[in-house]
Each structure stands twice: as structure tokens, then as C-alpha cells.
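Visitor: I would like a close look at one part of this model. Please take it slowly and then show me what lies around it.

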Amino acid sequence: MNRECLLTLAEVYGIDSEYQTVWGHAHVASDAALRTLLESVAGGTIPESAYSDPQFLQAWLGERKQQRIYPHPILAEAADAPLATLDLRSVSDVSQATIRVEWEQGGSATYTLGIEGSNFAPSSELQKDCRPGYHKIHIELAGKSDTYHWILSPAGALVPEPTSRFIGLSCFLPSLRSERNWGCGDFQDLATFAGNFHQLGFSYIALNPLHALANRIPYNASPYSPLSLFTLNWLYLAMEQLPEYKASPLAQALQAMPATQAELQRLRDAEFVQYEGVSRIKLFFGIILYREFLRNPDPAFAAWKGQRAPWLSQFCTYLAFWRYFHKRNKNAWVWRDWPSEYQDPSSEASRTLATKLARQIDFHAWLQWRLEQQKGWAASQVKAAGFTLGLYCDLPVACDQAGPDRWGNPELFAQKVRVGSPPDGFNPGGQDWGFPMLRPLPHCPENFEYFRASLQAVARSAGIIRLDHVMRLARLYCIPDGMPATEGAYVRDQFEAMLRIIAIESHRAGVFVVGEDLGTVPSYFREALERFGILSYRLTMFEWNDQGLKPAEEYPSLALCSFTTHDLATFDGYLSAQDILTRKAVGWLDEQSLEEALNQRRRDIAALLSGFEKHRINGGQSDSPTEVFAALASFLKTTPCRLVLFSLEEFLGEVHQMNLPGSTAEYPNWQRKTRIALEDWAADELLGQRMQAFQRAWQ
């Protein structure tokens with residue numbers, strides 16, 4: 001390998017050969033890391049000689065440049081002069097070109113455009129016809145004819161008005177206890193939850209990602225590692241609310257049986273969410289109710305399946321295949337464990353098996369249909385309870401490596417790499433999330449269909465969407481297989497294209513967009529987010545300056561502010577240092593490190609209380625958690641942020657965080673339940689005190 005060749009190829013394929021760490025040092029990628037990343041991103045299309053022969057490399061790159069009039073795709077703002085800034089290639093002695101546009105909404109039109117230098121001259125006729133959307137443009141110029149995707153967007157996503165303030169309450173849906181659910185919070189519980197908080201003036205409920213999971217502990221319970229980005233978790237289905245349940249004497253009789261009631265009570269009473277148990281019983285009843293549906297099928301179901309293709313069919317086929325092969329081999333946990341001919345969903349063997357399992361595939365589609373309907377119903381109930389924006393739904397970074405999205409679309413994903421994050425003060429060894437990476441070029445030819453569809457899916461029945469790790473729009477930290485997280489490098493994506501897609505989808509769905517921009521953020525990144533109307537994500541826990549806690553007035557306006565998030569200490573856990581004690585309990589801190597961490601936390605809490613001093617309510621001087629929570633509420637109210645978010649844990653006084661990043665079996669990640677059932681909230685003393693403290697501060 002030749003280092004010069006590697007660096008040239010890295011630049012061509014959007015791989016950063018070095019990056020600045022949070023400590024201000026330059027980390028330089030090794031030759032081995034660059035080679036693996038190049039092979040992954042390019043999909044093995046780079047000739048071997050290009051890695052070692054500079055002359056061959058330059059000749060090969062020169063040939064590639066001559067192949068297109070303009071790089072793909074073409075991006076613009078619909079209100080601008082269309083194509084006027086397009087820097088054309090290989091243009092000489094040409095005064096005009098023929099342009100034919102196929103509009104997304106239907107129809108086509110042909111235009112003759114003049115050329116000024118290397119740009120098209122402005123055209124009022126074309127400008128008049130332009131509208132936001134995903135169009136196709138055919139260009140005939142200088143003896144060449146090429147076709148491109150043309151993404152025309154609004155100026156940016158929908159944003160709250162400058163004078164608007166929306167307050168939200170976050171909830172990890174599985175954690176909700178109730179006397180009627182089946183061991184896991186569901187869409188009926190969500191409606192009840194909204195009713196319990198209707199009097200506090202909240203505008204939205206922020207939820208964890210609701211995507212389908214394998215529902216196995218400890219490795220397959222994270223909502224941020226979904227099987228697919230297009231489907232919902234059947235654990236959230238309120239079975240008794242289904243029309244098929246109300247029409248099925250068999251289902252009602254089975255649920256009333258003592259053995260069933262005992263199992264449901266066991267699942268409800270369990271300290272932690274029993275993912276496998278809840279999944280098993282809901283799928284069992286789901287099969288019974290699906291058979292009831294088949295007695296009187298609804299034609300709307302078939303139409304809906306057509307609207308959700310191809311992602312729905314891939315997901316449902318995967319689940320049917322998984323059950324089929326796992327019954328025959330209990331060690332076949334992922335699709336790579338299946339016989340090789342079934343690892344390709346387009347193979348003749350896979351098509352034959354899909355025909356054999358058609359009824360099972362249809363069952364899973366029916367479950368998704370009912371889930372989507374219940375989500376929409378729950379969203380309407382949340383709005384009816386006074387939450388004007390309804391639901392705030394979360395889109396994970398990527399899908400599970402072993403899930404149907406990866407199985408069904410191998411060409412979209414890079415091989416031999418995983419997504420993670422570089423070393424920082426919180427994780428000195430970096431983080432390996434294990435997610436697959438979308439290859440920047442292959443996922444754009446059809447107007448980024450995978451990304452667009454994932455946005456559309458999460459935006460259904462939502463008023464706000466959150467993009468987890470929003471930096472992925474510009475770059476992802478990728479780790480070559482066989483290397484530690486410290487040896488990764490950033491791979492750039494089609495940043496402007498994805499921002500414009502977000503703008504289009506935001507307007508079409510009528511949703512605000514929040515980007516979780518915590519961690520190592522490039523200098524240009526937040527400026528671009530603000531320009532496109534994507535709200536920043538600011539946590540008080542991290543907002544410090546040289547004088548201590550950053551004043552509330554210095555927070556940005558176009559942002560969501562909160563104290564913490566699911567991966568960090570709860571508010572009460574922070575004040576009691578429970579998060580530090582937890583890290584000691586799982587073996588991550590020795591006695592000396594524990595003492596150092598506790599001493600630092602005491603200093604941080606003192607600085608926090610000092611920063612909250614002028615936000616004390618009614619002159620309160622107590623440092624009790626409830627009084628400090630009231631000061632926090634007052635502090636967040638003072639910020640200019642257009643969205644403010646509190647957590648259910650803050651109202652319930654929970655001290656244990658929902659997720660401990662970097663752990664698996666050492667900690668009950670994503671399994672904790674609320675300490676009280678929904679039916680008992682009105683009588684809970686601490687909850688009542690927190691609600692009163694919030695009202696004093698905010699109202």
C-alpha cells in the first residue's frame with residue numbers, strides 16, 4: 001500500500017484520514033484502517049493497483065471524472081433560481097442545453113436553457129414550475145445525455161415560532177406499570193399517562209424509539225438497536241383494544257383462565273420488564289386474533305400493505321424465516337446462521353420458502369397494521385388530553401446488524417465496519433455501537449429512499465421527531481472489524497442532500513425536527529442545522545463555561561433544553577451520585593477512582609446549586625431534591641429555547657438511569673419500571689410534591 005494513494009482515495013470517498021479529539025489532538029488513521037474503510041465504502045470497486053500506484057490511481061480517477069456531466073444528485077432550494085449555480089463539467093463552446101424534468105407529483109416538461117460560463121442561465125419559466133420534491137432531470141449537453149435525481153427543498157424544516165414555547169415530558173413507554181397491561185407499557189397506558197399529567201400544561205410527550213426489537217434480554221432490548229427502522233414493537237399493542245379481541249369469545253375466555261391471569265400478574269409484578277415473556281404471550285394471542293380477522297377480512301389491510309412495501313414485506317418475511325430456522329436449530333439466532341441460500345432474500349430458495357410461509361408473513365403484517373392504527377389512536381388521545389403537539393418520536397441512528405433491513409438490502413450497507421464514537425472524557429476508550437453503516441453513495445441513487453422512508457415512518461402520528469446522533473447526517477465514526485474503537489475514522493455522508501430531505505419531509509408530515517448533537521461536533525455542523533431549521537439538543541448537565549453553570553439566558557433559541565437523557569444519570573441520581581455508585585458496582589471504578597469521582601460530583605453539585613440560586617422559588621433555601629427540582633424548572637423556563645423537556649423520572653424521583661452505555665448483563669438496561677402503577681399516581685406523595693413544585697416554577 002502507498003500512503004499517498006490511500007490519502008487520495010480517502011478524500012475521494014469521503015473518509016477523513018484524521019480528526020480532532022475532544023482534547024484538541026489530531027488522531028491520524030492507520031493505513032490498515034483506511035484500507036478497510038475504503039474497501040467497505042467503495043464496495044470492492046477500487047482496483048488493487050489504485051492502492052499502491054500513484055500514476056495508475058490518477059489515470060483511473062481521471063476516467064471516472066469524465067463519465068458524468070455533473071455529480072449525482074442535484075440539490076437546490078425550490079425558491080432559488082433553479083440550476084443557476086450548477087457548475088457543469090466538460091462544457092466548451094456550448095451556448096444552450098435541453099432539460100426535461102419529470103416532476104414527482106406527475107407530468108413532465110422540457111426547457112431550453114442558456115449557458116453562462118459553466119452555469120445554466122436563470123429561467124423564469126422553469127422557476128415558475130419548480131416545487132419542493134424528489135424529481136428527475138434529463139440533461140442533454142455537449143453531445144452527452146445524462147439523468148439525475150433533483151432534490152428541491154423548502155428553505156428548511158418547520159420550526160416553532162420565535163414567540164412559542166412548548167414544554168414536554170419524556171416517558172420510556174415499556175416502563176409504565178399499570179393494573180391492566182400485560183407486563184409492559186402499551187398504547188393504552190400511553191393514553192392514561194397523558195391524562196394523569198393533563199393539568200400541568202405540557203405540549204408533547206417524548207417517547208423512546210418505538211421500533212420493532214428482537215425483545216431478548218440483555219442484548220436485544222435497546223430501542224436504539226431496532227430490527228428495522230420501519231416497523232413497530234408488538235409489545236406496545238393493547239390486545240383488549242383490538243376489534244378482533246372484542247369479537248373473539250375464544251381470546252376472552254383464554255385470557256380469563258386462571259393460568260393466563262397468573263402469568264399476566266407475574267409479568268406485571270416483575271421488578272423489570274420481562275421482554276421475552278411479554279412478547280411470547282402477545283404473539284400467542286396475536287395469532288388467535290389474526291385468525292379472527294381472517295373470518296372477516298378488511299380490504300383496507302391489503303391496500304395498506306401495498307403502501308408500506310418493500311420494507312414491511314422484508315420485515316415480515318424475516319420474522320417468519322427466523323421462526324422457521326430457529327425451530328430447526330436453536331443456535332440459529334441471526335440470519336447469518338441460516339443456510340447460505342436463505343441469506344439472500346432474492347434467491348430462488350428464499351422465494352420458495354416465502355411462498356410456503358405466506359400465512360405467517362401475513363400475520364406479522366397484520367400485527368403491524370394494528371400497531372400503526374393504535375399508535376395513531378394513542379396520539380389522538382394525547383392531543384385530546386391537552387398535549388397540543390402530541391407525540392415526540394425518536395429515530396435511531398441505524399438498525400441491528402442482524403435485522404431484516406440489513407438482510408434485505410445488503411448493497412446499502414458497508415461490510416467489515418461498525419458504527420461507534422471516538423474517545424472522549426466520558427468514554428476514554430471510545431464506543432463501539434455495533435451498528436451497520438449506510439454506504440454514502442449506494443444509498444443515494446433512488447433519492448435516499450431508505451433514509452426518506454425511515455423519516456416518514458417515525459413521523460407518522462407525531463408532532464416532533466428526534467434524530468438520534470444527528471451528526472450522522474454529515475459523518476459517522478466507523479470502526480474496522482478487528483480493531484478497537486480508538487482506531488476508527490470518520491466517513492462523510494451526503495450532508496446537504498440529507499438536510500434538504502429532512503426539510504421536505506418535515507413540511508409534508510407537519511413535524512418539528514430535533515437533532516441530538518451531543519458529543520464531538522464539527523465546527524460547521526450546528527451552523528448548518530440552524531440554517532435548515534433543525535433544533536439543537538442542549539443538556540444542562542453539560543452546559544458549563546469557565547465561571548460554572550452556563551446562564552439560562554445564553555442557551556440558543558432554536559433548541560430543545562433538558563437536564564439529562566436516558567444514557568446519563570437521572571436528576572435525582574445526579575444529586576445522590578447514584579450513577580457513580582452504579583459504575584463502581586459494575587466494576588468500572590476502583591476505590592481511588594470512586595473517591596475522585598465523588599469529590600468531583602460534590603464540586604459539580606455546588607456549582608449547579610450556585611447557578612440555580614436566582615431561580616429558587618419563593619426564596620426557598622432548602623437543598624432537598626424537590627426544591628432543587630423546582631429551581632431546575634425555573635432555570636429551564638428562563639432559557640430562550642423553544643422546546644423544553646422534563647422527564648418522568650424527575651417527577652417520580654427515580655435515581656437509577658435507564659441505560660448504562662457500555663454495559664450488557666452487568667446492568668438492567670432498558671428494563672426498569674416505574675416504582676408505582678398508573679392507577680396509584682394520584683395518591684403518591686412525592687409525585688404530588690414534584691407536580692406542585694413544577695407548577696410553582698413554571699406557572
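Visitor: In which sense do strand 12 (residues 417–421) and strand 15 (residues 475–480) pair, and over how many bridges?

Guide: This is a predicted model. In it, strand 12 and strand 15 pair in the antiparallel sense, and four bridges join them. To find one pairing by eye, start at Arg 418: its bridge partner in strand 15 is Ile 479.

The pair belongs to an open sheet of four strands, in the order 13-12-15-16, with antiparallel pairing. Strand 13 (431–435) and strand 16 (489–492) are the edge strands, and each of them pairs on one side only. From one strand to the next, the twist averages 50°. A helix also lies against this part: helix 2 (residues 31–42) lies across strand 12, strand 15 and strand 16. The direction of helix 2 is at about 115° to that of strand 15.

There is another open sheet to set beside this one. Its six strands follow the order 3-8-7-4-5-6, and their pairing is mixed. At its edges stand strand 3 (74–77) and strand 6 (119–120); each has a single partner strand, so one side of each has no neighbour in the sheet. Within this sheet, strand 7 (residues 133–141) and strand 8 (residues 144–153) run antiparallel and are joined by nine bridges. Lys 136 is found opposite His 149 of strand 8.

Helix 16 (residues 495–509) packs on that sheet, where it touches strand 3, strand 7 and strand 8. Its direction makes about 50° with that of strand 8. Helix 16 has 15 residues, which at 1.5 Å a residue should span 21 Å; the end C-alpha atoms are 21 Å apart, so the two values agree. Helix 16 is mostly covered, with 11 of its 15 residues buried. Among the buried residues are Phe 495, Met 498, Leu 499 and Ile 502, and also Arg 500 and Glu 505. Just after helix 16 comes Gly 510, which takes a positive phi of about 70°.

Last, the cysteines. The structure holds zero disulfides. A disulfide needs two cysteine sulfur atoms within 2.5 Å. The closest cysteine sulfur to that of Cys 171 is in Cys 184, and it is 10 Å away, so it is too far for a bond. Cys 171 counts as buried because its relative accessibility is 4%, and Cys 184 counts as buried at 0%.

Definitions and conventions:
Residues are numbered from 1 along each chain as its sequence is written. This is a predicted model: local features need pLDDT of at least 70, side-chain atom pairs count only at pLDDT 80 or more; totals for chains, interfaces and linings use all residues. Side-chain values use heavy atoms; hydrogens and water are left out. Buried means under 20% relative accessible area, exposed over 50%, partly exposed in between (1.4 Å probe, protein chains only). Two strands pair if DSSP finds at least two bridges between them. Helices (H or I, at least four residues) and strands (E, at least two) are DSSP runs, numbered from the N terminus. Contact means heavy atoms within 4.5 Å. Axes are lines fitted to C-alpha atoms, for helices over the stretch in contact, and angles run from 0 to 180 degrees between N-to-C directions. The expected span of a helix is 1.5 Å times one less than its number of residues.
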